[in-house]
Amino acid sequence: MDEYGNSGEGRATRRDEAVRAAVEQGLLGPDSPIVGLLDATGIRESAAELRAAFAEVTAPGTPVLHAFAVKATPLVPVLRLLREEGIGAEVASPGELALARAAGLSPAETVLDSPAKTPAELREALALGIAVNADNPQELDRIDGLVRSAVSRSPLGIRVNPQVGGGSIGATSTATATSKFGVALRDEGAREWVVRAYLDRPWLSRLHAHTGSQGIPLPLMAQGVAETYALAEEINRRIGRPQIDTIDIGGGLPVNFASDVTAPTYAEYARALREAVPGLFDGRYGLVTEFGRSLLAKHGTIVARVEYAKSAGGRSVAVTHAGVQVATRTVYVPGSWPLRITAYEGKGRPKSGPEVVQDVAGPACFAGDLLAEGRALPLLGQGDYAAALDTGAYYFAHHYAYNSLARPGIYGFVPDRAGGVRFATVRDPQTLASIVAESGGAHAGALTTLHAPGSR
Ligand SMILES: *Cc1c(COP(=O)(O)O)cnc(C)c1O
């Protein structure tokens, strides 16, 4: 095992022990049949690896802000843990900004990017001094107005789309010709518009691109960064001074969902970037990164109890409590988002035995609610557990309220000194009262007491 746990052996051992301890300690059982588990040790390892990877390729003294894309795991305790590990926050909505602030992140550690910022959001960000990347000319107009009317410490930039192309998953490819994000650089007149925008605004000091998430190959990501760097160089040359002093390269490092191994690693990506774009690392530019999935995915596990085991048309089906509500993308687009599943017996120990091709189903009332279809696993029986691995980003923290299924509790864990596991509550399980409240419970009579004039 390497220093950062990239081989995944330590992670797999910690995960097995956490599942067993969750059953022993009653976090998981007949009355709480689904939980999300977060490996705090693994999160710290990934954060340390990210910092070390870029420290290795940047010139000494280069300012680097690693801003975690909050949308990947919007949980305050996660943001606080990352902050302790020297990682800031990339936010894209008032809610995400509120989470970052609740976690104690300072404006200097926060970056706001979103395609639909309102005037009020922009005003707040500039008043706080949070870095903002303008998505489009209309947004830049709004920022012009704010900059004219008040002094702000916010570093300001423009997001561009280098249009280098998409990857294997359309929904997470942000650098296609028609992506909705940023200024589409290869469109007619766009590049010149961007250059002029900087020439006319001495306070624009950053340039931002995020060329995609899961499914984008490393060379394509590096090409997106190279084109963004080339644009910054062109702008600074035309202005005749280094007005752009920071390049925000976005996130998007893909995650290996096929095994416990971390691949590619941050170190590999950082070296590939230095090779492709050496000028970016010679000390003339500060750097911002915005990784999400690659920091958290491998540190989360959904564990769900098998409520019933049945057979249909010759296929074994384990009906569990984890389905579309916690693994929405996997259930709706299983070809793009397959998850590894492991089987545990009722006491939370890894289940052994001959593998049987079976379906692992969720609790929701539609036929496609399957965590895995036709998967070879030791046969899951009633009272066993199925775990969906690598679900720390974009899964259990992204609850989908189908069938009014409750948000599961989320618990962080670390090994304790006695060979056991210590847990801490990250998010309480949702109560039925909260489901009713969120579903208009306070307005039960709203529609029956609403009458059109002249009717009854
Ligand atoms: C989603 C997003 C990220 C994070 O992407 P990952 O694939 O999770 O690393 C970073 N920056 C922006 C602007 C994003 O929209």
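**Around the ligand and into the cavities**

In this predicted model, a backbone N or O atom of Gly-292 lies 2.9 Å from an oxygen atom of the ligand. Two side chains make similar approaches: a polar side-chain atom of Tyr-394 is found 2.6 Å from a ligand oxygen atom, and a polar side-chain atom of Ser-213 sits 2.7 Å from an oxygen atom of the ligand. On its own, the ligand has 380 Å² of accessible area, and the protein covers 94% of that.

Let's step back to the wider surroundings of the ligand. There are 14 residues around it, and those that come nearest are Lys-71, Ser-213, Glu-290, Arg-293 and Tyr-394. Sorted by character, the shell holds six charged, five polar and three nonpolar residues. The space that the ligand takes up is the largest pocket.

Now for the enclosed spaces. Rolling a probe the size of a water molecule over the atoms shows where empty space is left. Here, four cavities of 30 Å³ or more turn up in the structure, and the largest of them has a volume of about 130 Å³. Which residues are the closest to the centre of the largest cavity? They are Val-255, Thr-262, Pro-264, Ser-294 and Lys-298, out of 17 residues that line this cavity.

If you would like to trace the wall of the largest cavity yourself, a good place to look is helix 2, residues 40–57, which gives the most to the lining, with three residues. As for its make-up, the lining of the largest cavity has seven nonpolar residues, six polar and four charged.

Key
Residues numbered from 1 in each chain as written. Predicted model: local features only at pLDDT ≥ 70, side-chain atom pairs only at ≥ 80, totals over all residues. Heavy atoms only, no water. 1 Å grid on protein atoms, 1.4 Å probe; cavity = no way out; pocket = protein on both sides within 12 Å on 5 of 7 lines; lining within 4 Å. Points joined across faces, edges and corners; volume = space filled by probe spheres on them. Helix = DSSP H or I, 4+ residues; strand = E, 2+ residues; numbered from the N terminus. Nonpolar A, V, L, I, M, F, W, Y, C, P; charged D, E, K, R; others polar. Near = heavy atom within 4 Å. Polar contact = N/O pair within 3.5 Å; in protein donor to acceptor, adjacent residues only side chain to side chain. Areas by Shrake-Rupley, 256 points an atom, 1.4 Å probe, with all protein chains shown as cover. Sits in = over half its atoms within 2 Å of the grid points.
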